[in-house]
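Colleague: Please take a close look at the interior of this model and describe it for a first-year student.

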Amino acid sequence: MQHLFLGQKGEDTAPAYLEKKGYKIRERNFSRRPFGEIDIVAEKQGKIIFIEVKTIKEQDDFLAEDELSPKKYLCLLKMAEIYLSAKKLPQETACQIDIIALTKKENGKYRLRHYKNAVEDNL
């Protein structure tokens with residue numbers, strides 16, 4: 001249960017960061033069963049950005065971004081296609097998939113890392 005709370009807290013932290021950086025949040029937790037979910041759909045400078053958020057505690061022995069498998073990357077690509085179709089946006093719409101990795105420090109604050117266009121870089 002604590003893991004779910006940590007994940008939700010991360011998903012609540014990321015939009016504030018994105019808005020400060022000039023992103024407009026279009027949607028949160030866009031899901032289509034059985035294909036999956038996109039944590040955040042944002043827009044910046046006319047580009048649609050699909051964002052996966054991963055959160056861990058500082059004492060974990062790995063980084064949050066290490067939890068993303070090739071299968072998850074493929075799921076994110078499929079969900080991006082589904083989103084464009086569901087919103088009746090052209091398939092050639094400029095878009096990218098980013099990762100936001102958060103580490104909760106012992107003092108309760110978060111360290112945030114934003115990987116832009118992360119899926120293309122990892123496939």
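Modeller: Of the 123 residues of the protein, 37% count as buried, a term that denotes under 20% relative accessible area (over 50% is exposed, and partly exposed lies in between; 1.4 Å probe, protein chains only). The model is predicted, so local features need pLDDT of at least 70 and side-chain atom pairs pLDDT 80 or more, whereas totals for chains, interfaces and linings use all residues. Residues are numbered from 1 along each chain as its sequence is written, and side-chain values use heavy atoms, without hydrogens or water.

The protein contains three helices and five strands, in the order α-β-β-β-α-β-β-α; these are DSSP runs numbered from the N terminus (helices H or I, at least four residues; strands E, at least two).

The largest nonpolar core comprises 17 residues. Such a core is a set of buried Ala, Val, Leu, Ile, Met, Phe, Trp, Tyr and Cys residues joined through side-chain atoms within 4.5 Å. Phe-30, Ile-38, Val-41, Phe-50, Met-79, Tyr-83 and Ile-97 have the most contacts inside it. Two or more residues each come from β2 (36-44), β3 (47-57), α2 (70-86), β4 and α3 (118-122), and α2 gives the most, with eight.

Within this group, Met-79 deserves attention. Leaving aside residues up to four places away in sequence, Met-79 touches Phe-30, Ser-31, Arg-32, Phe-35, Gly-36, Glu-37 and Ile-38, where contact means heavy atoms within 4.5 Å. Apart from the largest core lies another, of ten residues, including Ala-14, Leu-18, Ile-51 and Val-53. In soluble globular proteins, nonpolar side chains tend to be buried together.
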